[in-house]
Amino acid sequence: MSEQFSVEVKEISKSFHGVTVVRDVDFDIRKGEFFALLGPSGCGKTTLLRMIAGFEYPDKGSIWIRGRDVASVPANDRPVNMVFQHYALFPHLSVFENAAFGLRMRRVPEPEVRRRADDVLGVVQLKDLGPRMPAELSGGQQQRVALARALVNQPELLLLDEPMAALDEKLREDMREELKALQHRIGVSFLYVTHDQEEALELADRIAVMEKGRIIQIGAPQEIYESPKTAFVADFVGVSNLLKGKVAEVEQLLVEAASLPPGTAAAAASAQASSAAMRRVWLEVEGVGRIEAFTGDGFQAGEAVTLSLRPERIHLSTSQVSELENRVSAIVQRAIFLGSDIHYHVRLASGLLLRVQTIYSPIRRVRKEGDRVYLMWRSEDATVLA
Amino acid sequence: MTRLKARLSLPPLLWLAVFYALPLGLIILVSSAARGTYGGILWSLSFKSYLRFFDPLYLGVLARSIAVAALSTVLCVLLGFPISWWMARLGKRGQQIMVLLILIPFWTNVLVRLYAWMFLLGSSGPFNSLALRSGLLRAPLEVLYTWKAVLLGFVYGQLPFMILPLYASLEKIDKSLIEAARDLYASSWQVFRRVILPLSKPGLVAGSVLVFASIPCDFVTPDLMGGSKYALMGNLIQQQYLVVRDWPFGSALSLIQMLVIGAGLLLYLRQEQSA
Amino acid sequence: MKRGKPTGALALASLATLAFIYLPLLSLIVFSFNASKFNARWTGLSLRWYVQMLGNSDMRQATLNSVIVGAASSVFSTALAAMGAVALERFPWRRKPMWEAFFFLPVVIPELMMAVGFLLLFNVFPAEMGLAKLILGHTTLNLPIVWLIIRARLKKLDPRLEEAAMDLGATRAMAFYKITLPLLAPAVLGGALMAFAISLDDFFISFFVSDFQSVTLPVYIYSLLRFNLSPEVNALSTALFVASMLLVALAFLLQGKEAHV
C-alpha cells in the first residue's frame with residue numbers, strides 16, 4: 001500500500017433492504033488533501049461517509065487506511081474521526097471534557113490529556129472556553145468544539161458531515177474561510193460531505209460528484225466546472241443551459257490542445273482527458289440550429305448529445321458583428337439585476353429559453369424586456385455531453 | 001448484542017406476563033367458573049355468571065352507570081369549555097400557570113378530593129354554617145349523601161381530564177382563523193359555532209372518552225358522596241368481590257364493564273379516523 | 001397575546017370554575033389548622049390535629065406501610081422500566097408497536113380491573129406475603145408510567161451521541177455507560193419519584209389486596225371517612241396532599257431540567 005494516500009476506497013457497495021445505496025464506489029484521498037463529496041440528498045454520500053467512519057459496513061469492497069483494510073473494523077478501532085452534522089457534542093460534558101473524550105477512551109495519561117486537549121482548543125481558538133457547557137456556546141463555537149474533539153486524536157482522515165448545515169448564511173461564509181485555513185495549518189486530510197456546490201468549489205482540492213450511489217466524476221473544482229462529464233454534473237455544479245441535439249458532422253482533423261484558447265471549456269477538457277487532442281464537431285441543436293463545438297470524445301455523426309453552455313460564457317450584444325463562431329438572435333424576456341451581475345432570461349425564435357449572465361457595469365447598457373439581442377459564444381466554450 | 005437485548009428485555013417482559021397478563025387472564029377464566037360454597041372458586045366452564053347479569057336489577061345498575069357517566073360528561077363539557085378557551089387565550093406564562101393549577105387536583109388523592117367536598121358540604125360544614133349565619137339559608141342544604149353529590153364528585157374528579165385535552169386542541173387553533181372569520185362578517189356566536197367548535201373536536205372527543213370511561217370503574221365516589229345508597233357498576237363489582245365473595249360473578253361483571261368501555265373506545269377511534 | 005375585547009363573562013366563568021376547583025381543597029387545608037373540635041366554627045390557629053395525628057399509632061403504621069410499598073415498588077418498577085425502554089429503543093425489534101403496546105397497556109386498563117386481577121391472583125396462588133403483595137401490585141401499576149418517561153427521554157437523545165463516542169474510541173458498552181446513562185439519569189430519577197407518588201396515591205389496588213396488617217394511607221383514610229369525620233382527617237388529608245405535590249413537583253423539576261440539555 002502506498003504511503004501517499006490517507007484512504008483508498010476500492011469498489012465498495014452497500015444496500016439496505018434490497019435497495020442499493022452505494023454502488024461500486026472507488027476513490028482515494030491523498031495525504032493532506034481537502035476532498036469534497038458532493039451530491040444531492042439521498043445520493044448515498046452520507047452512507048459512504050458512515051462506511052468510512054465505521055458506522056456501517058460495506059457489503060463488498062475494501063477500505064484501506066494506514067495499510068490495513070478496515071472495511072469490517074468497528075468505528076472505535078479506526079484512525080479516522082468525524083465532525084457530525086449537528087456536531088453531536090456531549091451535552092453533559094464541558095467543552096474541555098468533550099475535547100478530551102477520545103484521549104480518555106484510549107487511556108492516555110492525565111498530564112498528556114490536559115496538554116493535548118488544551119493545545120487543540122488553542123488551535124480552534126477556544127482556549128478560555130474549556131469549562132463551559134456546549135449549550136452555552138454559539139453555533140460557530142460548537143462547530144469548533146466538534147473539530148477540536150475530532151482533531152485531538154490526530155486522525156489519519158477527518159470526516160465532516162455537512163458541518164455547515166446548522167449555521168446561518170453569514171456565519172457559514174466565515175467558517176468556510178476558517179476551516180480552509182485550519183486544514184492548511186494542521187495538514188490533516190479532510191473528507192467533506194456536502195450538497196452545496198459553492199462550498200465544494202470554494203474549499204476542496206478535489207471534488208467527487210455523486211449521483212444515485214455512484215461517483216460520476218472526480219476532479220479539481222475548475223475541471224468539474226469547466227468540463228462536466230454528464231448533464232447531471234453540469235446542472236448540479238453551477239448553472240448551465242442544457243440543450244438537446246444531434247451530431248451532424250465530425251471533422252476528421254485533430255486539433256492540438258495547445259492551440260486551444262486557454263481558459264475555455266475545451267482547453268480544460270483536453271487537460272483532463274488522457275488524449276490531448278480535440279476534434280471539431282457540428283451539432284444540430286433543437287430550437288437553436290447548427291452549432292460548432294469541440295470535443296475530445298469520439299462522437300459519431302447522428303449520435304444524440306446534450307450541449308452544456310454556461311450562462312456566463314454567452315456574450316450578449318445588439319450588434320450581429322462578431323468574431324465568435326456561434327450566434328443566435330433572441331428577445332429579452334426578463335432582466336434580473338443582482339448588483340455585480342445581471343442575469344437575463346432570453347427567448348429564441350423557436351421558443352427555447354436560455355439563461356445568460358453578464359457582469360454589471362454602469363457604463364454598459366442594461367437590456368430591457370422585449371429588446372432584440374444576439375447571443376454569441378466561442379465553439380471552445382460549449383461542452384458536448386453524451 | 002442480541003444477548004444484551006434479551007438480558008434487558010426479559011425481566012420486564014416476564015414481569016408483565018406474570019403480574020399483568022396473568023391477573024387479567026384470570027378474570028376471564030374465573031368468570032366462567034362457579035362460586036364455591038364459602039366463596040372461592042369451583043373450576044368449571046359455565047356461563048351462569050353472564051346469564052345472571054340479565055336480571056333487571058343488574059341491567060338497571062348498568063343503565064344507571066351509563067346515564068350517570070353520560071350526564072357527568074356533559075356537565076364536564078359545559079363546565080370545562082369556557083375555562084379551556086380562556087386558558088388558550090392567555091399569554092404563555094399564564095397558560096403554564098393555569099395548566100399547573102388544573103393539574104394539582106388531578107394529582108390529589110381521590111379520597112382527599114372527596115373528603116374535601118364531604119367536609120365542605122356536611123350539614124355542619126363551613127358552607128352550611130356560613131350560609132345559615134349570614135341568613136342566606138334558613139335550613140342547612142342537605143346535598144351530601146344524595147345523587148347530586150355523587151354527580152358533583154364525578155364532575156369534580158374528572159374535570160381535569162376534560163379541560164386538559166380540550167385546552168390542548170383549543171390552544172392549537174391559529175388565532176388568525178378567528179380574525180379571518182370576523183373579517184368575513186361572522187358574529188361571536190358564528191365564530192364559536194363555525195370555527196372554534198369544529199376545530200376543538202379532537203380535544204372534545206378525547207376528553208369525553210376519558211371522562212366517560214373512568215366513571216363506571218369508580219366505586220369510591222358513589223360510596224362516599226352518596227352514602228352507599230346509589231350503586232353503580234363499580235360498587236356492584238366491589239361488593240361481589242369483597243362482600244358477597246362471588247368471584248365468578250364479579251369477574252363476569254368486570255368483563256362486561258370492559259366490553260362497554262371498549263365499545264366506547266372503538267367509537268372514539270372511529271371518530272378520530274373520520275375526523 | 002391578549003386580543004380583541006376582553007370578554008369579561010368568559011374570564012368570570014373561568015374564575016368561578018377555578019373557585020369550584022379550589023374552594024373545597026382550600027377549606028380542607030385551612031380547617032386542618034382550626035382549634036375547634038367542631039368543623040364549622042373557626043376558633044383559632046392550632047396544630048393540635050397534627051399532633052393528635054402523629055400520636056395515632058394506626059396512622060403511623062399506615063404511613064410506614066405506604067412508604068415501604070412506595071419505595072420498593074418505585075425501585076422495582078424503575079429498574080424494570082429502564083431495562084424495557086433501553087431494550088426497545090436501542091435494539092431492533094420486529095413488530096415494535098406490538099411490544100410497545102404491551103408495555104403501555106396497563107395505563108389504558110382501568111385500575112379497578114387490575115385490582116380485581118390481583119385479588120384473584122393472590123387467591124388462586126395463595127401465599128403469606130403481606131406487604132409484598134402490595135409491592136408487586138404497585139410495581140405493575142407504576143411500570144408503564146416510568147417506562148413512558150424514560151422512553152421519551154431516550155427518544156429525544158440523539159443516537160449520534162453514542163456514535164460520536166464510538167468514533168472517538170469508545171466501545172459500545174463504554175458509550176452507553178459514559179454518554180447515554182448520565183443523560184438518562186434525570187428521567188430515571190424523575191420516573192422513580194413519579195412512581196413513588198403514584199404508589200402513595202393508589203387506592204384501588206391497595207384496597208383489594210391489603211389485609212389488616214398491610215393497610216396503606218389511602219385505605220386508612222377510607223376507613224376513617226366511612227366512620228368518623230374529625231378534624232384529624234383534615235390534617236391527615238392535608239399532609240397527604242402536600243406529600244403528593246412535593247413528589248410530583250420534584251419529578252417535574254427533574255424532567256424540566258433535562259429539557260434544557
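Chain contacts in a predicted three-chain model

No contact (C-beta atoms, placed from the backbone, within 7 Å) joins chain A and chain B, and their closest C-alpha atoms lie 14 Å apart. This is a predicted model, in which local features need pLDDT of at least 70 and side-chain atom pairs count only at pLDDT 80 or more, while totals for chains, interfaces and linings use all residues. Residues are numbered from 1 along each chain as its sequence is written, and chains are lettered from A and ligands numbered from 1 in the order in which they are written.

Q: Which chains have the most contacts among the two pairs that touch?
A: Chains A and B are joined by no contact. Among the two pairs of chains that touch, the most contacts are between chains B and C.

Q: Which element gives the most to the side of chain C that touches chain B?
A: The contact takes 55 residues from chain B and 58 residues from chain C. The elements of chain C that give two or more residues to this side, with helices (H or I, at least four residues) and strands (E, at least two) being DSSP runs numbered from the N terminus, include α1 (8-31), α3 (57-90) and α11 (231-260). The element that gives the most, with 13 residues, is α1(C).

Q: How many nonpolar residues are on the side of chain C that touches chain B?
A: Ala, Val, Leu, Ile, Met, Phe, Trp, Tyr, Cys and Pro count as nonpolar, Asp, Glu, Lys and Arg as charged, and the others, Gly among them, as polar. On this side of chain C there are four charged and 10 polar residues, and the number of nonpolar residues is 44.

Q: At what angle do the axes of α1(B) and α5(C) cross?
A: Axes are lines fitted to C-alpha atoms, for helices over the stretch in contact, with angles running from 0 to 180 degrees between N-to-C directions. Residues including B:L22 and B:I27 in α1(B) meet residues including C:M113 and C:F118 in α5(C). The two helices are roughly perpendicular, a word that covers 65 to 115 degrees, whereas under 35 counts as roughly parallel, over 145 as roughly antiparallel and the rest as oblique. Their axes come within 8 Å and cross at roughly 80°.

Q: Which element gives the most to the side of chain C that touches chain A?
A: This contact takes 19 residues from chain A and 18 residues from chain C. Two elements of chain C, α7 (159-167) and α8 (172-201), give two or more residues each. The element that gives the most, with seven residues, is α7(C).

Q: What is the radius of gyration of chain C?
A: Chain C has 11 helices and zero strands, and its C-alpha atoms fill a box of roughly 70 × 65 × 30 Å along the principal axes. The radius of gyration is taken over C-alpha atoms, and the globule rule is 2.2 Å times the number of residues to the power 0.38. A compact globule of 261 residues would have a value near 18 Å, but chain C has 23 Å.

Q: Is A:Y87 buried or exposed?
A: A:Y87 lies in the loop between β6 (80-83) and α2 (95-105) of chain A, and its phi is near 75°, a positive value in a residue other than glycine. A residue is buried if 20 or more other C-beta atoms lie within 10 Å of its own, exposed if 12 or fewer, and partly exposed in between, with C-beta atoms placed from the backbone. Because A:Y87 has 24 other C-beta atoms within 10 Å, A:Y87 is buried.
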